[in-house]
Amino acid sequence: MPFLSRSDIEIYYERRGEGPPLLLFNGSGASVESSALLIDRLALHFEVLVHDQRGLGRTSVPHSASAVTMGHYAADAAALLDHVGWTSCRVFGISFGGMVALEFAVTHPARVERLALVATSPGGEGGSSYPLHLLAEMPPQERAFVSLRNLDTRFTPSWLS
């Protein structure tokens, strides 16, 4: 199994397919394993490089998980590109991975040939994704309501009722 050792974590990654190089950033809670259908579909047209982000899948949990920033996620990806020998590539980010892809594009612009963002937001003041850690603290009925609402912004209170 391929791993990249960084100072505070071991990053699991895979390469699939043939074609132009494509770096894939998964969404919240997704792993290489859980995203296999998407990865395999993209691998029909690209050489896909995908990794389990910090604390997910087969990548280890960083020593100081509370201090992790988007910059850490972007730096992990840059190190991964160095590790596999890619100077630049296409970048695809979905959901939370889109936020990471944006950070990667801002901090490593010369490495991004094209950028595709799917079902994401810029985060921060521009509108962040829902703070998923708050869901765990909610009663089950409220968690279900909020989760459904967050699934698609068209699910307004009147639609849900």
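**Getting to know the strands and helices of this model**

User: Which residue of strand 2 stands opposite S5?
Analyst: This is a predicted model, in which local features need pLDDT of at least 70, side-chain atom pairs count only at pLDDT 80 or more, and totals for chains, interfaces and linings use all residues. Residues are numbered from 1 along each chain as its sequence is written, and side-chain values use heavy atoms, with hydrogens and water left out. Strand 1 and strand 2 run antiparallel and are joined by three bridges (two strands pair if DSSP finds at least two bridges between them). Within that pair, the residue opposite S5 is E10.

User: How many residues lie between strand 1 and strand 2 in their hairpin?
Analyst: Strand 1 covers residues 3-5, while strand 2 covers residues 10-16. The two form a hairpin, and the number of residues between them is four.

User: In what order do the six strands lie in the sheet?
Analyst: Helices (H or I, at least four residues) and strands (E, at least two) are DSSP runs, numbered from the N terminus. The protein chain has five helices and six strands, and from the N terminus on they run β-β-β-α-β-α-β-α-β-α-α. The sheet that the six strands form is open, with mixed pairing, and its order is 1-2-4-3-5-6.

User: Which strands stand at the edges of that sheet?
Analyst: The sheet is open and follows the order 1-2-4-3-5-6. An edge strand here has a single partner strand, so one side of it is left without a neighbour in the sheet. The two strands in that position are strand 1 and strand 6.

User: Which residue of strand 4 is the bridge partner of R16?
Analyst: Strands of a sheet pair through backbone hydrogen bonds, either parallel or antiparallel. Strand 2 and strand 4 pair in the antiparallel sense, over four bridges. Within strand 4, the partner of R16 is V48.

User: Do strand 3 and strand 4 pair in the parallel or antiparallel sense, and over how many bridges?
Analyst: Two matched positions help you find this pair in the structure: P21 has E47 as its bridge partner in strand 4, and L22 stands opposite V48. Strand 4 spans residues 47-51. The sense of its pairing with strand 3 is parallel, and the number of bridges is four.

User: How many residues of strand 4 are buried?
Analyst: Buried means under 20% relative accessible area, exposed over 50%, and partly exposed in between (1.4 Å probe, protein chains only). E47, L49 and H51 point one way from strand 4, while V48 and V50 point the other way, and all are buried. Strand 4 is therefore largely enclosed by the rest of the structure, and its buried residues number five of the five.

User: Is A77 buried or exposed?
Analyst: A77 sits in helix 2, which covers residues 70-84. Beyond its neighbours within four places in sequence, A77 is in contact (heavy atoms within 4.5 Å) with L23, F25, H51 and F104. Its relative accessible area is 0%, so A77 is buried.

User: How far apart are the C-alpha atoms of A77 and V100?
Analyst: V100 is one of the buried residues of helix 3. Along the chain, A77 and V100 are 23 residues apart, and their C-alpha atoms are separated by 9.3 Å.

User: How far does helix 3 reach from its first C-alpha to its last?
Analyst: Helix 3 has twelve residues, 96-107. At 1.5 Å a residue the expected span is 16 Å (1.5 Å times one less than the number of residues). The actual reach in the model is close to that, at 17 Å.

User: Which elements do the buried residues of helix 3 pack against?
Analyst: The buried residues of this helix are F96, G97, G98, M99, V100, A101, F104 and A105. Their packing partners are strand 3, helix 2, strand 5 and strand 6.

User: What is the relative accessibility of N26?
Analyst: N26 is in the loop between strand 3 and helix 1. Not counting residues up to four places away in sequence, N26 touches nine residues' worth of surroundings that include S35, V50, H51 and F96. N26 counts as buried, because its relative accessibility is 2%.

User: What is the phi of S95?
Analyst: S95 lies in the loop between strand 5 and helix 3. At 27% relative accessibility, S95 counts as partly exposed. S95 is not a glycine, yet its phi is positive, at about 55 degrees.
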